[in-house]
Amino acid sequence: MKIYIAKTAGFCMGVRRAVEMTLDASNSREGPISSYGPLIHNPQVLEILREKGIRVIREIPERGSGTILIRAHGVPPEIHGKLESAGFTVKDATCPRVIKVQTIIRKHASLEYAVIIIGDDDHPEVVGLLGYAGDKGYAVNCLEDLDDLPEFDKAIIVAQTTQNVHFFNKVKKWAERIHPHYKIFDTICDSTEKRQVEAKKLAEKVDALIVVGGRNSGNTQRLAEVANEVGKPALHIEDESELDLGALDSAQTIGIAAGASTPNWIINKVIKKLEDERSQNGETWRRYFPPVQRSLLYTNLYIALGAGCLTYASTALNGIEEKIAYFFIAFFYVLSMHTFNNLIGRNSDRFNDPDRASFYDKYRYHLAALALISGATGIVTASAMGMIPFLILLAMSIMGLLYNFKLIPDQIQFLKYHRINEIPGSKTILIVLAWGIVTSVFPVLSEEGRITVASILVLLWTLGMVFVRTVFFDILAMQGDRIVGTKTIPIIIGEKKTRFLLKRVLQFSFAFLFLGSLAGAITSLGYFLCLPLILMALVILVHEYRKSFLGFRPVFWVEANFLLAGLITYFWA
Ligand code: SF4
């Protein structure tokens, strides 16, 4: 069974913006937070918002307090005023593309145009749009209803932003034929359009299409309709528990598409369930390769191996003796710290990587033992090398362990942060520093007892590699981190600026390596180690183009760059 994932799957811009605005308001504790009507059409996201204490208000009370968010679909114009009069602070999360339709309608209604809205009259977006049309609005969702409308001297036709493109094309033809004087505005959102075009192409290519999304989400329903239009079976499911694998028995190729309000973690769970099925019934390599990949990642053996390889490469770059002990100290330190922090941070994994969260729940005692034993092995190995290596590793281990613990009691309220992990960006900075010290500074200090120009260049390269890796994973984990309130760099400065930052860091790292080798400050290995940097830049560019990266494989291939650095070093040596 071959699985194809639509690259448009996951939150659209408007939904992401509404969810982020709501979670940011909740995480900054701006008093009670509520949304006017359900924020988006996805029951799992709504449940999480409910768990975070975000209420849904359907009727405007006489007196309200706190912040209320207008959802992405928008509301009739009078609602804003009513909410403010009730005492709410209103935050408008209406999607900018819906605002554009509202503006068209408002303008033409004021010029006495009749407003024909192609959409479902009980859909919240259409309810809001009708509000802007006043007494001149008509919501229509089939050609028969269009024929029943009176003839207007002047009228505009607009579409609900998530309308079926195919159906709206029929409406356009109807208008051109019967009422050529009507003005038509194609207001279907391009995100909807792209999603439907991709779903159609995907449906043509595969034997069956799985559409993941809320049952009452208009745009998700349309994706299933699109698949049916090309004569392919489409399974509309809300989450992986509804996946009927029996119904897909005969399908050799399966496509996965998802609505604009479906979060990545639900799509990931569906992918995982299908992959499990495939590995049980597939050829030998399919049966074993993905589970091996997954186990290497979840146990952190793979990433620890990467840290060992980075150490090997950095010692070779520095031109110092490549002792196996340095490799193992980095290996055990990273294995211990990452496993320990994954155990503690299972909460955010529920949303970023639900599969890993359940792996850590299931094997928590084994993994705790692994973290302890590897941590102790690293410290013992370092102590065998002398007092300074021992103290460095001990200090770093203690710092890593304290990261998730409450260091300042709740009673001390004038301090904003009580744990290190609450400090914005602290996760990335600590990981990058810890890796930089253990893979690059530690061997130089142990061998030479001082920091050299070469070692600074090598340190900058290792910091660059680890920074890009860590922050790139932070981009992939933004949805879950926002839910649990972790302030990572992409959440603080935004995804676009973060990608820009990563590209600049890669360029600088490239320059340090290349020029360092050219000047003879570091060994000629520097030329060859530019390759992993180029590959990491490619991953970022692919992510930029594809928008969503789902499943665990992208993580596996990013980490592979560290192993590649080790391999290159081996052949160079
Ligand atoms: S589908 Fe388009 S119009 Fe609707 S919320 Fe998403 S981006 Fe906005």
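This tour moves from the whole protein to the ligand site, then to helix H8 and to three loops.

**The whole chain**

Begin with the entire protein displayed as a cartoon, bearing in mind that the model is predicted. The protein has 573 residues, of which 54% count as buried. Its secondary structure consists of 25 helices and 12 strands. With the view aligned to the principal axes, the C-alpha trace spans about 90 × 60 × 50 Å.

Switch next to a surface representation. The accessible surface of the protein comes to about 25400 Å², and carbon and sulfur atoms account for 59% of that area. If contacts are drawn between residues at least 6 apart in sequence, 72% of them join residues at least 24 apart.

**The ligand**

Select the ligand and the residues around it. Which residues should appear around the ligand? They are Cys12, Gly14, Cys95, Arg97, Thr161, Cys189 and Thr192. Coloured by character, this shell divides into 3 nonpolar residues, 3 polar residues and 1 charged residue. Hide the ligand for a moment: the space that the ligand takes is the largest cavity.

**Helix H8**

Now select residues 190–205, which form helix H8. Two residues of this helix merit a stop: Glu198 and Leu202.

Centre on Glu198. Is Glu198 buried or exposed? Its relative accessible area is 18%, so Glu198 counts as buried, the limit being under 20%. Apart from residues up to four places away in sequence, Glu198 touches Ala6, Lys7 and Thr8.

Proceed along helix H8 to Leu202. Leu202 is buried as well, with a relative accessible area of 8%. Show its surroundings: beyond residues up to four places away in sequence, Leu202 touches Tyr4, Ala6, Leu209, Gly255 and Ile256. Ala6 is thus a residue to keep displayed, since it is touched by Glu198 and also by Leu202. A distance line may then be drawn from Leu202 to Ala257, a residue 55 places away along the chain; their C-alpha atoms are separated by 8.4 Å.

**The loop after helix H9**

Select Val230, in the loop between helix H9 (218–229) and strand S11 (234–237). Its relative accessibility is 24%, and Val230 therefore counts as partly exposed, between the limits of 20% and 50%. Leaving aside neighbours within four places in sequence, Val230 is in contact with Lys200, Ala203 and Glu204. Lys200 lies 30 residues from Val230 along the chain, yet the two C-alpha atoms are separated by 7.1 Å.

**Two residues with positive phi**

The last two stops concern backbone conformation. Most residues other than glycine have a negative phi.

Go first to Glu112, in the loop between helix H4 (96–110) and strand S6 (114–118). Glu112 is not a glycine, but its phi is positive, at about 70°. Its relative accessibility is 54%, and Glu112 counts as exposed because the limit for that class is over 50%.

Finish at Asn300, located in the loop between helix H11 (284–298) and helix H12 (301–318). Asn300 also has a positive phi of about 70° without being a glycine. Is Asn300 buried or exposed? With a relative accessible area of 3%, Asn300 is buried. Display both residues together to set the exposed Glu112 beside the buried Asn300.

Definitions and conventions: Residues are numbered from 1 along each chain as its sequence is written. This is a predicted model: local features need pLDDT of at least 70, side-chain atom pairs count only at pLDDT 80 or more; totals for chains, interfaces and linings use all residues. Side-chain values use heavy atoms; hydrogens and water are left out. A residue is near a molecule or strand if one of its heavy atoms lies within 4 Å of it. On a 1 Å grid over the protein atoms alone, a cavity is a set of points where a 1.4 Å probe fits but cannot get out, and a pocket is an open set with protein on both sides within 12 Å along at least five of seven lines; lining residues have an atom within 4 Å of a point. A molecule sits in a cavity or pocket if more than half of its atoms lie within 2 Å of its grid points. Ala, Val, Leu, Ile, Met, Phe, Trp, Tyr, Cys and Pro count as nonpolar, Asp, Glu, Lys and Arg as charged, and the others, Gly among them, as polar. Helices (H or I, at least four residues) and strands (E, at least two) are DSSP runs, numbered from the N terminus. Buried means under 20% relative accessible area, exposed over 50%, partly exposed in between (1.4 Å probe, protein chains only). Contact means heavy atoms within 4.5 Å. Accessible areas come from the Shrake-Rupley method with a 1.4 Å probe; for residues, only the protein chains shown count as cover.
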